[in-house]
Amino acid sequence: MTQTSQTYSAKDEATSFLAQRTAWDRTKILLKKSPFTARFGMIVIALYVIVAVFAPWIAPYGEAEVFPTPYAPWGGDHMFGTDQIGRDILSRMIYGARNTVGIAFATTILAFLIGASLGLAAAINRSWLDQFISRSVDVLMAIPSLIFALVLLSIFGSSVINLIIIIAVLDSTRVFRLTRAVAVNVVVMDYVEAAKLRGEGLGWIMRREILPNIMPPLVAEFGLRFCFVFLTIAALSFLGVGIQPPTADWGSMVRENASLIQFAQYDLKAGLTPLLPAAAIALLTVAVNFVVDWFLHHTSGIKD
Amino acid sequence: MHPVLTTVVQRLGLGILTLFVVSFIIFASIELLPGDFGQAVLGQAATEETVAAFRKELGLDQPAYIRYFEWVGNVLQGDLGTSFSGRAASGVDRSRPVLELVAPRLENTLFLAGMTAAIAVPLALFLGITTALYRNSIYDRSVNAATLTTISFPEFFVAYILILFLASLNPIFPSLANIDATTEFWDRIYRTALPALTLTLVIVAHMMRMTRAAIINLLASPYIQMARLTGASQREVILKHALPNAWAPIATVIAFNLAYLVVGVVVVEVVFVYPGIGQLMVDSVTSRDIPVVQACALIFAITYILLNLIADVIGIITNPRLLHPK
Amino acid sequence: MSQDTLLEIKGLKIQGFSDERWHDIVKGVDVTLKRGQVMGLIGESGAGKSTLGLAAMGFTQPGCKITGGQILFDGVDLAQLSETEKRSYWGNRITYVAQSAAASFNPAHRLIDQTTASTLRFGKKSQAEAMDDARALYGELNLPNPDTIGDRYPHQVSGGQLQRVMTAMAMSPRPDLIIFDEPTTALDVTTQVEVLTAMRKIVEHFNTAAIYITHDLAVVAQMADFIKVLRYGEEVEEAETRKMLTAPEQDYTKSLWSVRALAKEPMPEQEPILKIKNIDAAYGKVKVLHNVDISVPRGSTVAVVGESGSGKSTTARVITGLLPPSAGDIEYEGQPLPPKLQDRSKDQKRRIQMIYQMADTAMNPRQTVREIIGRPLEFYLGLRGQAAEKRILELLEMIELDGRFIDRLPGELSGGQKQRICIARALAAEPDFIICDEVTSALDQIVQEGILRLLMRLQKELNLTYLFITHDISTVRAISDQVVVMNLGRVVEQGTKNDVFSPPHPEYTELLLSSVPEMDPDWLTNLNAARA
């Protein structure tokens, strides 16, 4: 250390500064440093989105088109054979991407709209409103959500709309808890107090001061919630009380073709048929989990 | 009163209150049924008289709160009502009491859950603690990658993979877990092996990851570093300094996962056609047999609430701040 | 190595891992410590003093590694030993006293069991002997009820007591060397005196060598035989304590004294701009302010001093309207000020601004400097676009930062720069009254001086009035015109700086003022003699 630099001057401090990077630079660096698992996850998610959006153009046959041979073997006209009433498995897999993923996505969005807005309101209000919502959520969460969903579906019946609303409401309890927990930490920050002292309104404080600071955990939670919702809907469909035929859906497809697995020792390919939609579900959840894991690691790393 | 006792009593009170509210919600579900429900159960051919008789039997002609207390009173006495199935338009009633349907299946489900817990809990704790201790080692990373993958798998995917390899391609275990009251104990274990294994794989992944996170959190406390700086060996740090403070987080992890097991059991029972309460519930939902659905939901909810209650109580009675008040 | 040298560190280098790469934390430091000597290790945050202190035990924090040099303890290089071998030194020949005793004691065990654990582990005494010895040590450290305090659990005793129990724990195995890592930093000054006295007494009694790490020169002067000054992981200078205090050689060391050199000219009497009269306030049912009366003259700096729990920050919350008082009035420029924030007009809000202790949490981390300073401009004054931009640049110039900072996020600024932006945000509202809540407490000494000078210059230029809340007496001496002393929610004394700082004092002011460590190695000895 040289002697000259050891005296203090306000100017030293005031002009010392770190090189600035633009948001785009940061994103590029981030992607470059992302681990293999995260890249794999992002590619898989992108593929699913493409398949879901362009399903009618990609699928060789229609969603509910019935062919004369049920349980046709793999190969030939039907790459993965046909199901118990003769529908093309590949086409149903492709349409399934649209239906299963789309329904889960819509449900997650709805759950977030409900849970996040209530969570924010409770965190800011912290009085009777907070007490009321928090206690109601405690009770809803005291019943396992799959069981609760089964009860509600037995009453209201299994339609796609019912399914989306029931799962979204049940799942919004967890979104509520998380949003409230992270928002409460932000609400006590001095900069929120500074905004209140300035005289800012509630809307401005929510939108400009709080929301931007709770986005990272909410984004990560969105990924995890999506996986959870996706698996719950798949489970319900598999149990026969979720998405109903003839809509192509991966959970129901597993159920419909399940018996084929017994024939694996005679025809391995046929035996694999029920595993195809199951694997499609598993692959997407693995991909989302990989991306979320990396995202969480990255955003928590910034805080250090 | 000692603060530990006060807190435990408060928590128990809260638990009872929750049970009460949950029972009310489950009861209220029957209120939400559409008006022509009697017709739907009995079939289109049912006469107005039989439908009216059925409605009367359900007590739909009485105010809701009276029926609620009657229902709770009956449940407390072990009477879960009568199943809807077995009724016919003619008024002939071959329905059975719900209790008769539920009891043997509950026993089977408890057997499956118990068997799973006996394998999964020790295994998950072992994996969770060792990966936390050897953090970032190759062992830790591979266990982590494996569990992150298993967590993402739907239960039925794991189940069918096991069936494919352990039942279909290599017929080691039966793919259908058909047991009944007369099945011998060891035969029962043999037939239940695949469902239990499926559940174990799913639960262990969750439980191991949570245990690992809890232990890492604990080991980062300043008093653990302090213990190291006083020359305590790794063994002493773990046993004497970490463990006494670990009961609460570990109890929470176990309770959470056993509660998760309660849910996971539904899908697995359906895959293996295991005659448990989960399968009964799914069948009843399909046939809209509300009294059975209510009974099953009540049983699942009680288990779930009890498990969380136990975890909280363990957390309370091992908290030094409550044990030794100022 | 001579016979009486206990510890010799040669060319020690340590690196730490952060931001995905290795950084140098300690860059080749030498230490020589003889038996029975106490070395003071002083430096600002990031100087590497704690890392060096722990390294003297052969210990590195997770994420750090020793990359060069030797740590010779009694002739053995600790850096070369295995973990198991090092453990036979820790808690045996070298012990450690941590900054936060509350977090460093295991909540599940009794104090006496933790005090004697390492002594028993190394089989130095029987259980009964170790217990008796621990009780004797508690007595020597002036702990209340030394025979029974060990039966308590950590959460059952106060912070100052816990710190002394930790010293007893460190002394129990009769080590050759104790590392004190900022042991009094978290304590109030009046408690600090008791703890310092106890620690010094016991170290002298057993003639134990020690390394005393702190950022406070006056504190280290009471403990150390010689002092080493660190900066950026390198040694600046080392000298015997008296010499270091009276004739430091390096400019950096001299600058560490600087805040004490600041002084404010006394100013003529002015009419009060703010008066709070007979204020009572409560959080729920807990009453925290009792009949508080404060009057603030225009253009002056009124310092409110007190220890934690004195009610000084609550007073600020009452003035801002965040906590409406349960009784009493607030008057601003002779007019009554509504007690509730939402009842105050925009102009009333604009004229009273606040600057916070932690600049980190006082600015939204997602907003740029432009948004942070621009918002009050738009909100109060309706300035937008070009006009706002021009004003922001002017304000940046006023706080001695240049225009390139305008698009920065708070995370891209240093601690001092952040606090300057907070000052600019307050100035943007064109206030006449600013509440400064411990604005320099979280900053290093040298940065503190810059901020205080800036505040004083701005006061002169803009005729600002400050209510300056602090626990640091030397800051009060440097910048205030009037002083309010608070204790347990009451005003003990209010007056001009000269009145308050010259005797006779009320009892509490006397205790508070006399507890502030001075740059004099004999201060603690003299104080205890005077108090006895």
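Let's start with a single residue: C:R174 is partly exposed, with 30% of relative accessible area. Keep in mind as you look around that this is a predicted model. C:R174 sits in the loop of chain C that runs between α6 (159-171) and β7 (177-181). Its backbone deserves a glance too, since phi of C:R174 is near 50 degrees, a positive value in a residue other than glycine.

Chain C has another residue of this kind. C:N291 is not a glycine either, yet its phi is positive, at about 50 degrees. Here the setting is a strand, β12 (residues 286-297) of chain C. With a relative accessible area of 46%, C:N291 counts as partly exposed, because that label covers whatever falls between buried, under 20%, and exposed, over 50%.

While you're checking the backbone of chain C, go on to C:P503 and C:P504. The peptide bond from C:P503 to C:P504 is cis, and its omega is near 0 degrees. You'll find C:P504 in the loop that separates α19 (497-501) from α20 (507-515) in chain C.

Now go back towards the start of chain C, to C:L6. Is C:L6 buried or exposed? C:L6 is buried, and its relative accessible area is 0%. This leucine belongs to strand β1 (residues 5-18) of chain C. What does C:L6 touch, leaving out residues up to four places away in sequence? Its contacts are C:L33, C:K34, C:R35, C:L72, C:F73, C:D74, C:D176, C:L177 and C:A209. For a sense of scale, take C:R425, 419 residues from C:L6 along the chain: the C-alpha atoms of the two are separated by 53 Å.

One last stop in chain C is a charge over a ring. C:K346 lies over the face of C:F379, 4.4 Å from the ring centre. Chain A offers a similar kind of arrangement with an arginine: A:R225 lies over the face of A:F228, at 4.8 Å from the ring centre.

Stay in chain A for its helix α9 (residues 190-198). Of the 9 residues in this helix, 8 are buried, so α9 of chain A is largely enclosed by the rest of the structure. The buried set consists of A:D190, A:Y191, A:V192, A:E193, A:A194, A:A195, A:L197 and A:R198. Right after α9(A) comes A:G199, whose phi is positive, near 105 degrees.

Aromatic rings make a good thread to follow from here. Over all chains, a search of the whole structure turns up 26 aromatic pairs. In chain A, one aromatic cluster is formed by A:Y48, A:F105, A:F112, A:F222, A:F226, A:F230 and A:W250. In chain B, have a look at B:F173 and B:Y190, an aromatic pair with 5.8 Å from centre to centre and 40 degrees between the planes. That geometry makes the pair tilted, because planes under 30 degrees apart count as stacked and those over 60 as edge-to-face. B:F173 lies in the loop between α7 (155-169) and α8 (185-219) of chain B, while B:Y190 is in helix α8, so the pair ties together parts that are 17 residues apart in sequence. As for accessibility, B:F173 is partly exposed at 25%, and B:Y190 is partly exposed at 39%.

That brings us to chain B as a whole. How many helices and strands are there in chain B? The count is 14 helices and 0 strands. The C-alpha trace of chain B spans about 85 × 60 × 35 Å along its principal axes. Chain B has 326 residues, and 50% of them are buried. If you take the contacts in chain B between residues at least 6 apart in sequence, 72% of them join residues at least 24 apart.

To see how two of these helices meet, pick out α5 (residues 98-133) and α12 (residues 277-286) of chain B. Their axes are 7 Å apart, and the helices pack at an angle of about 135 degrees. That angle makes α5(B) oblique to α12(B). On the α5(B) side the contact uses B:L101, B:V102, B:R105, B:L106 and B:T109, and on the α12(B) side B:I277, B:G278, B:Q279 and B:L280. By type, the residues of this contact divide into 5 nonpolar, 3 polar and 1 charged.

Notes. Residues are numbered from 1 along each chain as its sequence is written. Chains are lettered from A and ligands numbered from 1 in the order in which they are written. This is a predicted model: local features need pLDDT of at least 70, side-chain atom pairs count only at pLDDT 80 or more; totals for chains, interfaces and linings use all residues. Side-chain values use heavy atoms; hydrogens and water are left out. Axes are lines fitted to C-alpha atoms, for helices over the stretch in contact, and angles run from 0 to 180 degrees between N-to-C directions. Helices (H or I, at least four residues) and strands (E, at least two) are DSSP runs, numbered from the N terminus. Angles under 35 degrees count as roughly parallel, over 145 as roughly antiparallel, 65 to 115 as roughly perpendicular and the rest as oblique. Contact means heavy atoms within 4.5 Å. Ala, Val, Leu, Ile, Met, Phe, Trp, Tyr, Cys and Pro count as nonpolar, Asp, Glu, Lys and Arg as charged, and the others, Gly among them, as polar. Rings of Phe, Tyr and Trp (its six-membered ring) pair if their centres lie within 6.5 Å; planes under 30 degrees apart count as stacked, over 60 as edge-to-face and the rest as tilted. Buried means under 20% relative accessible area, exposed over 50%, partly exposed in between (1.4 Å probe, protein chains only). A charge sits over a ring if NZ of Lys or CZ of Arg is within 6 Å of the ring centre and within 35 degrees of the ring normal.
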